[in-house]
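Here are a few exercises on how secondary-structure elements pack and pair. Have your viewer open and try each task before reading its solution.

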Amino acid sequence: MKTHHYIIPFLLVVAALGSCSKMLDKNPDNRTEINTVEKVAQLVGSAYPTYDYLTFTEKSSDNSEDKGPGVGTLDDQHSRYYTWQDVDGAPTNSAAAYWNGCYEAIAAANQALEAIEKGNMGDAVLPYKGEALVCRAYAHHMLAIFFAKNYEIGGANSSPGIPYVTTPETKLIKQYTRGTVKETYEKIAKDLEDGIKLLSTSAYKVPKYHFTPAAAHAFASRFYLFTGEWEKAATHASAVIPSGDFISNLRPITTTFRSMTSSEFNVAFTKTDVKATLLLTNCYSSYHYIYDPRYGYGANLSRMYTEANVTGKLLANKVLSYGSPNYTSYKYNGYFFYTGPGIGFPYLMIPLLTVDEALMNRAEAYAELGRNDLALKDINDFYSVRILNFNINTDGVTLPKIMAFFSIADPKEGLVKTILEAKKAEYMEEGIRWLDLARRNLTVKKNLYDPLGVESIIELKPNDPRRIFQLPEEVKLSGIELNPR
């Protein structure tokens with residue numbers, strides 16, 4: 001099991017070579033000066049988080065359930081995240097490991113930006129400068145979501161943020177401050193807005209592993225939902241597909257994916273030829289090795305796919321089981337990077353941003369703006385590739401359907417509920433549900449069995465300090481305070 005013992009990663013040799021990160025890109029020799037466009041491009045290719053957020057987000061969210069004593073594999077880390085307890089150290093798949101992975105990415109971005117600033121590389125380097133800035137914004141935003149209080153739209157946001165690192169590190173232990181949530185989000189916005197202007201559609205051999213304009217606009221549509229800037233969220237979401245043809249670029253749930261066997265789907269889901277996928281990354285992760293965890297996707301959650309939703313129909317998403325109550329989305333095909341005979345690192349290819357999410361981000365922004373017809377169109381486009389033989393006249397989502405299905409009278413509340421529930425099902429085992437729960441500060445409710453098999457409901461309410469994941473203990477050496485408990 002790989003762990004990190006540094007506070008915030010320092011030096012590119014740690015950021016670029018310290019794990020199996022970016023095996024699809026060749027990292028530059030750390031002894032070589034970064035003085036050409038090609039070397040900058042290679043360096044920026046390592047400016048993406050090297051660890052995933054799947055375990056701690058999925059187990060903490062209501063996209064997991066307790067299947068009962070004696071059912072499935074009992075894993076301590078899964079159990080602790082399921083009941084919103086801190087996990088000691090930075091083991092694989094933990095929140096602390098993700099913290100370290102994000103700062104590795106930030107370190108690589110900062111070294112690339114410094115090389116660009118000091119070098120004289122001309123306009124050819126600008127797309128990689130843009131990528132480095134957007135990468136830095138993305139990593140800091142993910143850190144802010146998980147390790148700081150939720151951004152309060154219209155609020156003071158004066159609670160501690162996360163250290164926003166903008167220069168390469170040259171000291172083993174450097175002192176940092178967390179600043180405020182407000183300051184953190186302002187810096188993210190600046191990096192994002194400065195970087196997105198410089199991106200290119202043709203700078204990469206494999207664009208899906210980089211922040212192309214489309215991927216950056218999808219990230220921006222997510223970011224501006226957090227800040228409540230609805231017009232910006234909608235505008236950026238629309239820019240993901242300039243032609244406006246979202247339907248042809250959504251995940252092909254009722255067509256290509258449905259015609260595949262489960263093993264074919266397992267391989268195909270994270271391939272670069274899936275048009276809906278905008279940004280892929282490879283992360284050190286053993287998430288896929290526990291196939292039947294006690295806490296996870298179970299029989300109750302499978303009803304999202306086996307019972308009618310707001311359309312009146314069933315979702316066509318694959319419902320796969322290793323024997324009830326152990327279900328799986330089977331989205332991840334695990335890989336193993338050998339570093340020697342029988343040893344190495346497990347990793348996954350993970351979609352970080354998709355066309356589908358961007359479309360639903362726009363729908364939510366439209367709902368907040370009171371543009372109900374536009375919100376409904378986006379919702380129906382989303383469902384049109386998820387409901388077999390979808391007919392807008394009979395299956396289309398309408399406000400009366402929403403109000404009846406969810407027993408909600410307010411149109412905006414109903415539209416937002418519809419969007420969040422649709423995403424909850426679509427992004428099973430992808431970690432996106434926690435982002436929505438955090439952003440909306442929603443109560444998390446799920447079941448828990450005691451050792452005698454007695455079931456109860458546990459809740460994580462708004463503003464509970466356990467909603468914020470704990471920082472690695474070692475950050476105190478850099479003057480960073482831990483989150484309260």
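**Exercise 1.** How many residues lie between strand 8 and strand 9 in their hairpin, and which residue in the turn has a positive phi?

Before solving, note that this is a predicted model, in which local features need pLDDT of at least 70, side-chain atom pairs count only at pLDDT 80 or more, and totals for chains, interfaces and linings use all residues. Residues are numbered from 1 along each chain as its sequence is written, and side-chain values use heavy atoms, with hydrogens and water left out.

*Solution.* Start with the elements: helices (H or I, at least four residues) and strands (E, at least two) are DSSP runs, numbered from the N terminus. Two strands pair if DSSP finds at least two bridges between them. Strand 8 (residues 444–449) and strand 9 (residues 455–460) are joined by 6 bridges in the antiparallel sense. Val444 is placed opposite Leu460 of strand 9. The hairpin has 5 residues between the two strands, and Gly453 in the turn has the positive phi, about 85°.

**Exercise 2.** Find the order of the strands in the open sheet of 3 strands, then place the helices.

*Solution.* The order is 2-7-6, with antiparallel pairing. Strand 2 (277–284) and strand 6 (335–340) are the edges, each pairing on one side only. From one strand to the next, the twist averages 30° (axes are lines fitted to C-alpha atoms, for helices over the stretch in contact, and angles run from 0 to 180 degrees between N-to-C directions). Strand 6 and strand 7 (residues 343–354) run antiparallel and share 5 bridges; Phe337 has Phe345 of strand 7 as its bridge partner. Now add the helices: helix 8 (residues 213–227) lies across strand 2 and strand 7, at about 75° to strand 7. Helix 13 (residues 355–369) packs on the sheet too, touching strand 2 and strand 7, and its direction makes about 35° with that of strand 7.

**Exercise 3.** Describe how helix 16 and helix 17 pack.

*Solution.* The axes of helix 16 (residues 399–406) and helix 17 (residues 411–426) are 9 Å apart, at an angle of about 75°. The two helices are therefore roughly perpendicular (65 to 115 degrees; under 35 counts as roughly parallel, over 145 as roughly antiparallel and the rest as oblique). Next, list the contact (heavy atoms within 4.5 Å): helix 16 gives Leu399, Ile402, Met403 and Phe406, while residues from helix 17 include Pro411, Leu415 and Glu421.
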